[in-house]
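User: Please take a close look at the central sheet of this model. I would like its layout, its edges and what packs against it.

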Amino acid sequence: MNYRHAYHAGNFADVVKHIILTRIVLYLQRKEQAFRVIDTHAGIGRYDLTGVEAGKTGEWQNGVGRLLDAKIDAKVAELVQPYLDIVRAENADGEMRHYPGSPLIVRHLLRRQDRLSALELHPEDAELLAEIFEGDIQVRVTKLDGWLALGAHVPPKEKRGLVLVDPPFEVMGEFDRLVDGLVRAHKRFSGGTFALWYPIKDRQEVRRFVAALHDTGIPKILRTELMIRPISPEPRLDGTGMIIVNPPYTLDDELRTVLPALSKILSEEQNAGFTLEWIRGEQVDA
Ligand code: SAM
């Protein structure tokens with residue numbers, strides 16, 4: 001396990017991923033009934049942007065840094081505000097020192113009745129994460145293989161919620177594991193929302209992944225991608241992708257509003273572009 005998210009925290013991929021995360025959780029808040037978020041690859045929760053790792057890459061400056069400095073129109077601002085509020089709340093003195101990871105972002109959005117289950121396999125990372133939530137009865141941190149949670153931990157007892165799967169893609173086969181994991185979890189929790197993150201480095205690989213998702217027959221699969229540059233000749237993180245199964249009905253429109261603005265703000269090259277499409281809609285077609 002060599003992947004360290006601290007090098008990448010707050011980069012363009014985190015920005016897009018975490019804005020989508022806040023939009024989904026805010027939608028879950030619309031009903032009084034409790035929900036649970038299961039974060040299968042949770043990371044350490046809070047990243048030091050002044051630390052050695054973040055300092056080496058400076059990736060956050062081209063991600064959340066750009067968004068914080070950008071002038072955005074009111075419609076877009078309204079949708080990204082909850083995410084930016086959380087980032088600012090983690091940096092109360094106005095200096096960007098900390099970037100909140102997915103479990104911390106979710107924690108900011110829990111009401112008293114809601115819960116978060118966060119899984120992290122790396123022993124040190126799991127310990128750091130557990131320290132953040134020590135004594136917090138709404139959060140359970142478990143040092144466990146997140147892929148197992150897609151079987152044993154679903155459906156949650158609340159029967160409502162989101163499963164976020166954000167693997168590091170440091171070993172071969174992660175795309176296949178995402179599809180297999182989704183199929184397994186969806187059988188047990190077909191009404192749940194699932195958000196699966198994937199990197200865009202190799203178009204062929206993504207095409208195969210999308211075809212495999214289509215072939216699962218699972219309905220209501222939305223795919224969104226944002227590129228910051230055209231595909232590089234050598235594998236490089238050129239874009240960020242997210243699959244959302246059972247998205248809130250509001251999400252498609254929200255992303256149609258937000259993605260053009262994010263594309264302008266985050267792109268390294270003009271017209272790098274974005275995608276928003278249904279792999280499968282409401283109806284399961286052949
Ligand atoms: N979701 C986090 C966020 O948005 O802030 C970032 C997660 S990072 C991309 C992936 C994390 O998965 C790393 O912290 C890594 O240690 C952890 N990890 C790797 N393999 C895992 C596994 N099988 N189960 C759970 N966690 C794993």
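What follows is a walk through the sheet and the parts around it.

Analyst: This is a predicted model. Start with the layout. The sheet is open and has eight strands, in the order S5-S4-S1-S6-S7-S9-S8-S10, with mixed pairing. Its edges are strand S5 (139-142) and strand S10 (274-280), each of which pairs on one side only. On average, neighbouring strands are turned by 15° against each other, with direction ignored.

Take the S5 edge. S5 runs parallel to strand S4 (residues 115-119), and four bridges join the two. One contact point to look at is Ser117, whose bridge partner in S5 is Arg140. In a regular strand, side chains alternate between the two faces of the sheet. S5 shows two such faces: Val139 and Val141 are on the covered one, Arg140 and Thr142 on the uncovered one.

Move inward. Strand S1 (residues 36-39) and strand S6 (residues 161-165) also run parallel, again with four bridges. Here Ile38 stands opposite Val163 in S6. Val163 is also among the residues with the most contacts inside the largest nonpolar core, a set of 79 residues. Others in that group are Val16, Ile24, Leu162, Ala195 and Leu196. Helix H1 (residues 12-28) gives the most to this core, with 10 residues. Ile24 touches Leu162, Thr193, Ala195, Pro248 and Leu251, leaving aside residues up to four places away in sequence.

Now the other end. Helix H10 (residues 251-266) lies across strand S8 (221-227), strand S9 (239-245) and S10. Relative to S8, H10 runs at about 10°.

Two loops that lead into strands deserve a look at their backbone. Most residues other than glycine have a negative phi, and most peptide bonds are trans. The loop between helix H7 (146-152) and S6 holds Pro155. A cis peptide bond joins Val154 to Pro155, with omega about -5°. Lys159 lies in the loop between H7 and S6 as well. Its phi is positive, about 60°, although Lys159 is not a glycine. Lys159 is partly exposed because 13 other C-beta atoms lie within 10 Å.

The second loop joins helix H9 (203-215) and S8, and Lys220 sits there. Phi of Lys220 is positive too, near 55°. With 18 C-beta neighbours inside 10 Å, Lys220 therefore counts as partly exposed.

Last, the ligand. It is surrounded by 19 residues, and the closest are His41, Gly43, Gly101, Ser102 and Gly146. By class, this shell has seven nonpolar, seven polar and five charged residues.

Key: Residues are numbered from 1 along each chain as its sequence is written. This is a predicted model: local features need pLDDT of at least 70, side-chain atom pairs count only at pLDDT 80 or more; totals for chains, interfaces and linings use all residues. A nonpolar core is a set of buried Ala, Val, Leu, Ile, Met, Phe, Trp, Tyr and Cys residues joined through C-beta atoms within 7 Å. A residue is buried if 20 or more other C-beta atoms lie within 10 Å of its own, exposed if 12 or fewer, and partly exposed in between; C-beta atoms are placed from the backbone. Two residues are in contact if their C-beta atoms, placed from the backbone, lie within 7 Å. A residue is near a molecule or strand if its C-beta atom, placed from the backbone, lies within 6 Å of it. Ala, Val, Leu, Ile, Met, Phe, Trp, Tyr, Cys and Pro count as nonpolar, Asp, Glu, Lys and Arg as charged, and the others, Gly among them, as polar. Two strands pair if DSSP finds at least two bridges between them. Axes are lines fitted to C-alpha atoms, for helices over the stretch in contact, and angles run from 0 to 180 degrees between N-to-C directions.
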